[in-house]
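Subject: The model we talked about

Hi,

Here is the structure I promised to pass on. Have a look at it first, and then read my notes underneath.

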Amino acid sequence: MASEKSTSKGQAWFCTTGLPSDIEIEVDDMTFHLHKFPLMSKSRKLHRLITEQETRSSSSMALITVIDPKVEETDKKGKGHEIEDDKEEEEVEEQEIEENGYPHIKLEDFPGSSESFEMVAKFCYGVKMDLSASTVVPLRCAAEHLEMTEEYSPDNLISKTERFLSHSVYKSLRESIKALKACESVSPLAGSLGITEQCIDSIVSRASSADPSLFGWPVNDGGGRGNISATDLQLIPGGAAKSRKKPSRDSNMELWFEDLTQLSLPIFKTVILSMRSGDLSSDIIESCLICYAKKHIPGILRSNRKPPSSSSTAVSENEQRELLETITSNLPLDKSSISSTTRFLFGLLRTAIILNAAETCRDLLERKIGSQLERATLDDLLVPSYSYLNETLYDVDLVERILGHFLDTLEQSNTAIVEVDGKSPSLMLVGKLIDGFLAEIASDANLKSDKFYNLAIALPDQARLYDDGLYRAVDVYLKAHPWVSEAEREKICGVMDCQKLTLEACTHAAQNERLPLRAVVQVLFFEQLQLRHAIAGTLLAAQSPSTSQSTEPRPSAAIRNLTITEEDGDEAEGERQVDAGKWKKTVRENQVLRLDMDTMRTRVHRLERECSNMKKVIAKIDKEGSSPATTTDRPRSWSITKKFGCKFKTQVCDSHEATMVDHRSRRS
């Protein structure tokens, strides 16, 4: 059909039909050597241009001889440069006709460039074309530009491209995105023809039927081609064969998010606004924004910080700032159900600080992060201080603001959070996270004690089950700041509750020389209190035989109860085994404790028998040596005391009675 070769004026395209060309069409840097009849039979505009040029070229010589030189000179003075320009163009056209022997037409601002006109030429010659979502849009605009309507010629290019768009493009989500991408090169004409709007409507309508668990893959997408008729499948190379192939789940999981990242920012923004107005799922909108930001904002995630390749176009800071503010302003304000969103939001926030984005942009990101702070990690919170006004290595004020937003969100959603024993799970997660952050920043020599103190007390008491993490942060701070005064040490130690320290932490704190004396005394006091309660509880459990006996068959009963729910899965089975192991260990410890108590009880009984014998001996001696004289009592009492080695008054304790037995009371 055609061949191409290079000339001094650019590329040339020749139609190899065996007939000599009789017209030249120039589009951009490509010159097409074609025939008049096929073009004029399909395009009203080409018919008009060719006819006008032939008429003008045939009458130009006659007009030049008829015009009087004086009149011509007067007309030139009146019309000025406009006539001169027209005459120059006519002279160029005449020169080209004389050189080639046929007309030359130059199409300025042709939609879709020379590739689209090549497809137009093939259509005019009756050559079968391979259409796709990327090529049909500029071809539809070229057909509109050349006025290839049904009224001018039946079954023309406009009707064919419209049919392909309706049957193959608008019925598929991914094909609609590709067509929307193609609209960028012919945006004014594609917008006036309604192609851009129809592509966006198709994307929104089909994205609304997506399954969020599959990250938005539409169940009715048909593998990316949509419902294509048998007639239109002929326009796609291998279309009939491809339509019979069932798309794999892995290929579907690539999804249309990646396709959306190829769109320019203005068109992408239009798509997002249409999604928001169409009541689309916030998770789908958020996923689209995340993918687009990852694609176009370099270094947004620490794990993906790679140097840009030489082939990639460099994006200026202003463009990045505009893109970041656009992404942030369209993020849904409600809490996301995607767990990975929090890390992405921290990456956006770091980039916003570096690019010096608007204050509203940064505030929106901080509020969004605060609504789901329990999903963050310690690495997320370690945002460097990019401002010279901050003396610390990490931005502590930023974390304090985010924590404030989290507490506000938690207070507003009291009923939405399930509490266990009066404690919120998300609050306890954040408490552990903040303790880790405090331990990380405590070693910073520039960290003021007030900042450390304010962040430590920002959380309520129920955020921490134990204060071991807080004690570790305090210990690191005191070690890194040995110059702080005694008053500051006591203030810093006041952030932790010594009653909520474990025995291990208490043991370490009692030997910690960095702690102030008051804190050490409190730690020792509560450590002794915990030990006393532990011993009292152990003795109480051991001295109640009924309780200990009743607890012996409990393990088997608990195990029988646990085996009822075997259908809960492997995870529940593992938990049951752990609980059963713990219970067996507790039973063994109780049995050992019972043996110790039995041994102690035996020794007590032996001591009671010896004490009873002593009582009898003392009573017998008292009866035998009873005398009214009081002077004789002292030697006997002294001798008895000396005999038994006692250094106290002769009072004995009856372990079976609650009263004290006094031999002097018996003598009365």
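One cut-off before anything else, since I lean on it throughout: a residue is buried under 20% relative accessible area, exposed over 50%, and partly exposed in between. By that scale, glutamate 147 comes out as partly exposed, because its relative accessible area is 23%. Please also keep in mind that this is a predicted model.

**Salt bridges**

Glutamate 147 is a handy place to start. Its side chain meets that of arginine 48 in a salt bridge, at 3.3 Å from N to O. This contact ties together distant parts of the chain: arginine 48 belongs to helix H2 (residues 44–66), glutamate 147 sits in the loop between helix H6 (133–145) and helix H7 (157–169), and the two positions lie 99 residues apart in numbering terms. Arginine 48 has a relative accessible area of 34%, so it is partly exposed.

In total, the structure holds 20 salt bridges. Two others caught my eye.

Lysine 368 and glutamate 286 make one of them, with their closest N and O atoms 3.1 Å apart. Here too distant parts of the chain are linked, with lysine 368 in helix H19 (residues 359–370) and glutamate 286 in helix H16 (residues 282–296), 82 residues apart. Are these two charged residues buried or exposed? Both lysine 368 and glutamate 286 are buried.

The other joins aspartate 475 to arginine 514, and its closest N and O atoms are 3.0 Å apart. Again the pair links distant parts of the chain: aspartate 475 is in helix H24 (residues 468–480), arginine 514 is in the loop between helix H26 (503–510) and helix H27 (517–542), and they are 39 residues apart. Aspartate 475 has 12% relative accessibility, so it counts as buried, while arginine 514, at 30%, counts as partly exposed. There is also a network: Arg140, Glu144 and Glu162 are joined by salt bridges that share partners.

**The strands**

Now scroll to strands S3 (residues 23–27) and S4, which pair in the antiparallel sense over 5 bridges. Two of the pairings are easy to find: isoleucine 23 has leucine 34 in S4 as its bridge partner, and glutamate 26 has threonine 31 in S4. Glutamate 26 also has a bridge partner in S5, namely lysine 106. S3 and S5 pair in the parallel sense, over 4 bridges.

How well covered is S4 (residues 30–34)? It is largely enclosed by the rest of the structure, because 5 of its 5 residues are buried. In a regular strand, side chains alternate between the two faces of the sheet. For S4, Met30, Phe32 and Leu34 are on one side, Thr31 and His33 are on the other, and all of them are buried, so far as both faces go. S3 is mostly covered as well, with 5 of its 5 residues buried. Ile23, Ile25 and Val27 are on one side of S3 and Glu24 and Glu26 on the other, and both faces are covered.

**Aspartates with a positive phi**

Most residues other than glycine have a negative phi. Three aspartates here have a positive one, and I'll take them in turn.

Aspartate 28 is in the loop between S3 and S4. The hairpin of these strands has 2 residues between them, and aspartate 28 takes a positive phi near 55° there. Aspartate 28 counts as partly exposed, because its relative accessibility is 46%.

Aspartate 109 has a positive phi of about 50° although it is not a glycine. Look for it in the loop between strand S5 (104–107) and helix H5 (113–124). With 73% relative accessibility, aspartate 109 counts as exposed.

Aspartate 155 has a positive phi near 50°, and its place is the loop between H6 and H7. Its relative accessible area is 41%, so aspartate 155 is partly exposed.

Which residues form the negative surface patch? Asp28 and Asp109 are among them, along with Asp29 and Glu115.

**One last spot**

Leucine 323 is in helix H17 (residues 317–329), and it counts as buried because its relative accessibility is 6%. Its C-alpha atom is separated by 9.8 Å from that of proline 266, which is 57 residues away along the chain.

Happy browsing!

Conventions
Residues numbered from 1 in each chain as written. Predicted model: local features only at pLDDT ≥ 70, side-chain atom pairs only at ≥ 80, totals over all residues. Heavy atoms only, no water. Buried < 20%, exposed > 50% of the residue type's maximum accessible area, 1.4 Å probe, protein only. Pairing = 2+ DSSP bridges. Patch = residues over 30% accessible without salt bridge, like charges linked within 9 Å, V, L, I, M, F, W, Y side chains within 5 Å. Areas by Shrake-Rupley, 256 points an atom, 1.4 Å probe, with all protein chains shown as cover. Salt bridge = Lys/Arg side-chain N within 4 Å of Asp/Glu carboxyl O. Lys, Arg positive; Asp, Glu negative; His and termini not counted. Charge placed at Lys NZ, Arg CZ, Asp CG, Glu CD.
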